[in-house]
Amino acid sequence: MQILQIGRLSNDVNAHLEREYGACALWQQTQIDEFLQQYGANFELVVTSAAYGLTAAHMAMLPNLRAVCSFGVGYDSIDVAALQQNSIVLSNTPDVLTDCVADLAMGLLIDVSRGISAGDRYARAGLWGSKQRMGMGTRVTGKKLGILGLGRIGLAIAERAQGFKMNIGYHNRKTVADVAHDYFDSVVALAQWADCLIVACPGGAATEHLVNAAVLQALGEHGLLINIARGSVVDEAALLAALEAGHIAGAALDVFEREPHIPSLLLQSEKVVLTPHIGSATRETRLDMDDLLLQNVAAFVQDGRLLTEVC
């Protein structure tokens, strides 16, 4: 079985795919479309990631493609409709990154609430003891936490939030069985109730700009927004306007609409904590993700099946 690797992954994964399967590294080709037009029919399996994705146009150049193995839990950058139309199966790397992403969500919540990053900048600038006082933070313990998307990561966030005695509500496409958290039938209703709103839902067309101006207005002048999901879920223009107008108190963002581009107004805002999409970026989690990706590849090569098939 010939394997096409769309983009560079870890050195270990790159070496393993080349050594064990003779995988072709597409990112090393200077004329990608021309290469696929000439050799695309040779490949039955594609290895990619949420960062690189796979378009319908490139799928059309892979007429014998049977499976796609993707590194990462999100797959909104892969044209799933085109996969399904051509009976191509897809796997991702779920579960192994849940804890680290949930840890970061809580870290961002505490940071933006208590001004940890702002305090770091204040101290490093030598302002402690000067006439310029640092502003006050807000308490985390006991607050109302709204979670948009109560999947694996959302549930892990809720578990951590209970340690801070937070009241938890959520919005999903449907209620989640066997949880005691309050369900809200709209994002606006959840935001109206919540002190803090954490975005933990999948990306893609179905959730694009789900957090819009109305949601931010409902969150209110003391409300905080945390996004560790996908940048597309939050209307960035509406968020900038809400921050500038004081409609919300602050935001902590690990993901952005046009990564790696971050709007200058977000970079300049003291109300915002920014991280460069590091939700799963720990040594332990990335090794586990590498391993699960390679297990999926091996299972498909050997048995024609995927271990963590999503469609």
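**Exercise 1. Is Asn172 buried or exposed, and what is its relative accessible area?**

Before solving, two notes on the model. This is a predicted model, where local features need pLDDT of at least 70, side-chain atom pairs count only at pLDDT 80 or more, and totals for chains, interfaces and linings use all residues. Residues are numbered from 1 along each chain as its sequence is written, and side-chain values use heavy atoms, with hydrogens and water left out.

Solution.
- Step 1: find the residue. Asn172 sits in the loop between β7 and β8. Strands here are DSSP runs of E with at least two residues, and helices are runs of H or I with at least four, numbered from the N terminus.
- Step 2: apply the cut-offs. Buried means under 20% relative accessible area, exposed means over 50%, and partly exposed lies in between (1.4 Å probe, protein chains only). Asn172 has 18%, so the residue is buried.
- Step 3: list its surroundings. Setting aside neighbours within four places in sequence, Asn172 touches Gly149, Leu150 and Tyr183, where contact means heavy atoms within 4.5 Å.
- Step 4: look for a polar partner. The Asn172 side chain lies 2.7 Å from the backbone nitrogen of Leu150. A polar contact is a pair of N or O atoms within 3.5 Å; within protein, one must be able to donate a hydrogen and the other to accept it, and residues adjacent in sequence count only if both atoms are side-chain atoms.

**Exercise 2. Trace the sheet of seven strands and place helix α7 on it.**

Solution.
- Step 1: read the order. This open sheet runs β8-β7-β6-β9-β10-β11-β12 with parallel pairing; two strands pair if DSSP finds at least two bridges between them.
- Step 2: find the edges. They are β8 (182–183) and β12 (272–274), each pairing on one side only.
- Step 3: add the helix. α7 (residues 152–162) packs on the sheet and touches β6 (144–148), β7 (167–171) and β9, and its direction makes about 170 degrees with that of β6. Such angles run from 0 to 180 degrees between N-to-C directions, with axes fitted to C-alpha atoms, for helices over the stretch in contact.
- Step 4: zoom in on one pair. β9 (residues 196–199) and β10 (residues 224–227) are joined in parallel by four bridges, and Val199 has Asn227 as its bridge partner in β10.

**Exercise 3. Trace the sheet of five strands in the same manner.**

Solution.
- Step 1: the order is β2-β1-β3-β4-β5, again an open sheet with parallel pairing.
- Step 2: β2 (24–25) and β5 (89–91) are at the edges; each has a single partner strand, so one side of each lacks a neighbour in the sheet.
- Step 3: β4 (residues 67–71) and β5 run parallel, joined by three bridges, and Cys69 faces Ser91 in β5.
- Step 4: helix α12 (residues 283–303) lies across β1 (2–5), β3 (43–49), β4 and β5, at about 170 degrees to β4.

**Exercise 4. Describe helix α10 from its start to what follows it.**

Solution.
- Step 1: Asp235 caps the N-terminal end, with a side-chain oxygen 3.2 Å from the backbone nitrogen of Ala237.
- Step 2: within α10 (residues 236–245), the buried residues include Glu236, Leu239 and Leu243.
- Step 3: the buried residues of α10 pack against α9 (213–219), β10, β11 (250–253), α11 (264–268) and β12.
- Step 4: Gly246 follows α10, with a positive phi near 75 degrees.
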